[in-house]
Amino acid sequence: VQLQASGGGLAQAGGSLRLSCAASGRTGVMGWFRQAPGKEREFVACIRWDAGMKYYADSVKGRFTISRDSAKVTLYLQMNSLKPEDTAVYYCAARPVYTLRYYDSEQYHFWGQGTLVTVSS
């Protein structure tokens with residue numbers, strides 16, 4: 001499965017951005033991770049493609065919304081109330097089936113190229 005992420009850019013604190021990730025095929029779970037400079041890659045959110053169940057990191061819960069368009073096989077991340085600490089390279093990822101360790105980046109087989117999100121204060 002090939003993943004193509006887009007939609008990053010510059011936003012002010014309190015603003016919004018929407019990321020997209022187009023997939024070449026369907027998988028069981030798709031999600032978003034991010035990596036800030038000097039930090040490890042961290043889980044943001046994921047969705048079980050068929051069931052539609054969503055999971056979020058505590059740091060983004062209530063501000064970010066993950067969704068998918070099954071017809072387009074595209075994943076989205078709507079980011080509202082952005083904070084400077086949301087600044088990072090955001091990656092979309094996918095794996096064939098659901099796992100309880102959905103928050104662990106090592107569980108994902110496929111990765112997009114990353115898109116930079118910068119939030120200014």
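Lys and Arg count here as positive and Asp and Glu as negative, while His and the chain ends are not counted. The structure in these exercises is a predicted model.

**Exercise 1.** Find how far apart the mean positions of the positive and negative charges of the chain are.

*Solution.* Begin with the two sets of charges, which in this chain number 14 positive and 9 negative. Then take the mean position of each set, and the two means turn out to lie 6 Å apart.

**Exercise 2.** Describe the secondary structure of the chain by counting its helices and strands.

*Solution.* The count gives 0 helices and 11 strands. Reading along the sequence, one therefore meets the pattern β-β-β-β-β-β-β-β-β-β-β, as the strands are DSSP runs numbered from the N terminus.

**Exercise 3.** Decide whether the radius of gyration of the chain agrees or disagrees with that of a compact globule.

*Solution.* For 121 residues, a compact globule would have a radius of gyration near 14 Å. The chain has 13 Å, and so the value agrees with the rule. Along the principal axes, the C-alpha atoms fill a box of roughly 40 × 25 × 25 Å, and buried residues make up 44% of the 121 residues.

**Exercise 4.** Locate Asp-104 in the chain, and work out whether Asp-104 is buried or exposed.

*Solution.* Asp-104 sits in the loop that runs between β9 (88-95) and β10 (110-111). Buried means under 20% relative accessible area; because Asp-104 has 15% relative accessibility, this residue counts as buried. Finally, looking at the side chain of Asp-104, one finds a polar contact of 2.9 Å with the side chain of Arg-101.

Definitions and conventions: Residues are numbered from 1 along each chain as its sequence is written. This is a predicted model: local features need pLDDT of at least 70, side-chain atom pairs count only at pLDDT 80 or more; totals for chains, interfaces and linings use all residues. Side-chain values use heavy atoms; hydrogens and water are left out. Helices (H or I, at least four residues) and strands (E, at least two) are DSSP runs, numbered from the N terminus. The radius of gyration is taken over C-alpha atoms; the globule rule is 2.2 Å times the number of residues to the power 0.38. Buried means under 20% relative accessible area, exposed over 50%, partly exposed in between (1.4 Å probe, protein chains only). The place of a charge is taken as NZ of Lys, CZ of Arg, CG of Asp or CD of Glu. A polar contact is a pair of N or O atoms within 3.5 Å; within protein, one must be able to donate a hydrogen and the other to accept it, and residues adjacent in sequence count only if both atoms are side-chain atoms.
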